[in-house]
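Me: Hi! Could you walk me through this one in plain words?
Reply: Happy to, here it is.

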Amino acid sequence: MARNEHRPVIKLRSTAGTGFTYVTRKSRRNDPDRLALRKFDPVAGRHVDFREER
């Protein structure tokens, strides 16, 4: 399956300031704005918001 521009790879960086990141893909058609998810940060040891980094 070919990779295309509609589902780019993005980095989600922790807002706790630990520098921990998750790497995922997203749909530009469904989510044109920056993505923000609440995920576990193992460095901080708790769930925090992760925001899309460009």
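Me: Let's start with Lys-39. What stands opposite Lys-39 in S4?
Reply: Val-48 stands opposite Lys-39 there. Strands here are DSSP runs (E, at least two residues) numbered from the N terminus, while helices would be H or I runs of at least four.

Me: Before I go on, where do the numbers come from?
Reply: This is a predicted model, with residues numbered from 1 along each chain as its sequence is written. Local features need pLDDT of at least 70 and side-chain atom pairs count only at pLDDT 80 or more, while totals for chains, interfaces and linings use all residues; side-chain values use heavy atoms, leaving out hydrogens and water.

Me: Thanks. How do S3 and S4 pair, and over how many bridges?
Reply: S3 and S4 run antiparallel to each other and pair over six bridges. Two strands pair if DSSP finds at least two bridges between them. Leu-37 also has a partner across the way, as it stands opposite Phe-50 in S4.

Me: And what joins those two strands?
Reply: S3 and S4 form a hairpin, with four residues between them. Gly-45 sits in the turn and has a positive phi of about 80 degrees.

Me: What order do the strands take in the whole sheet?
Reply: The order is S2-S1-S4-S3, in an open sheet of four strands with antiparallel pairing. Strand S2 (21-25) and strand S3 (36-41) each have a single partner strand, so they stand at the edges and one side of each is left without a neighbour in the sheet. From one strand to the next, the twist averages 40 degrees. That angle is taken between axes, which are lines fitted to C-alpha atoms (for helices, over the stretch in contact), and it runs from 0 to 180 degrees between N-to-C directions.

Me: How many helices are there?
Reply: Zero helices, and four strands. Read along the sequence, the pattern is β-β-β-β.

Me: What about the pairing of S1 with S4?
Reply: Strand S1 (residues 9-14) and strand S4 (residues 46-53) pair in the antiparallel sense over four bridges. Lys-11 stands opposite Glu-53 in S4.

Me: Back to Lys-39 for a second. Which ring does Lys-39 lie over?
Reply: Lys-39 lies over the face of Tyr-22, at 4.6 Å from the ring centre. A charge sits over a ring if NZ of Lys or CZ of Arg is within 6 Å of the ring centre and within 35 degrees of the ring normal.

Me: Nice. How many aromatic pairs does the structure hold?
Reply: Three. Rings of Phe, Tyr and Trp (its six-membered ring) pair if their centres lie within 6.5 Å; planes under 30 degrees apart are stacked, over 60 edge-to-face and the rest tilted. Phe-20 and Tyr-22 form an edge-to-face pair, 5.3 Å centre to centre with 85 degrees between the planes. The rings of Phe-20 and Phe-50 have centres 6.4 Å apart and planes at 80 degrees, so that pair is edge-to-face too. It links distant parts of the chain: Phe-20 is in the loop between S1 and S2, and Phe-50 is in strand S4, 30 residues apart.

Me: Do those rings come together as a group, or what do they form?
Reply: Phe-20, Tyr-22 and Phe-50 form one aromatic cluster.

Me: Which is Phe-50, buried or exposed?
Reply: Phe-50 is buried, because its relative accessible area is 0%. Buried means under 20%, exposed over 50% and partly exposed in between, with a 1.4 Å probe and protein chains only. Phe-20 at 25% is partly exposed, and so is Tyr-22 at 24%.

Me: Which residues make up the largest nonpolar core?
Reply: Ile-10, Leu-12, Leu-35, Val-48 and Phe-50, five in all. S1 and S4 are the elements that give two or more residues to this core. A nonpolar core is a set of buried Ala, Val, Leu, Ile, Met, Phe, Trp, Tyr and Cys residues joined through side-chain atoms within 4.5 Å.

Me: Why would such side chains be together?
Reply: In soluble globular proteins, nonpolar side chains tend to be buried together.

Me: Last one: where is Pro-8 found?
Reply: Pro-8 is in the segment before S1, and Pro-8 is buried, with a relative accessible area of 15%.
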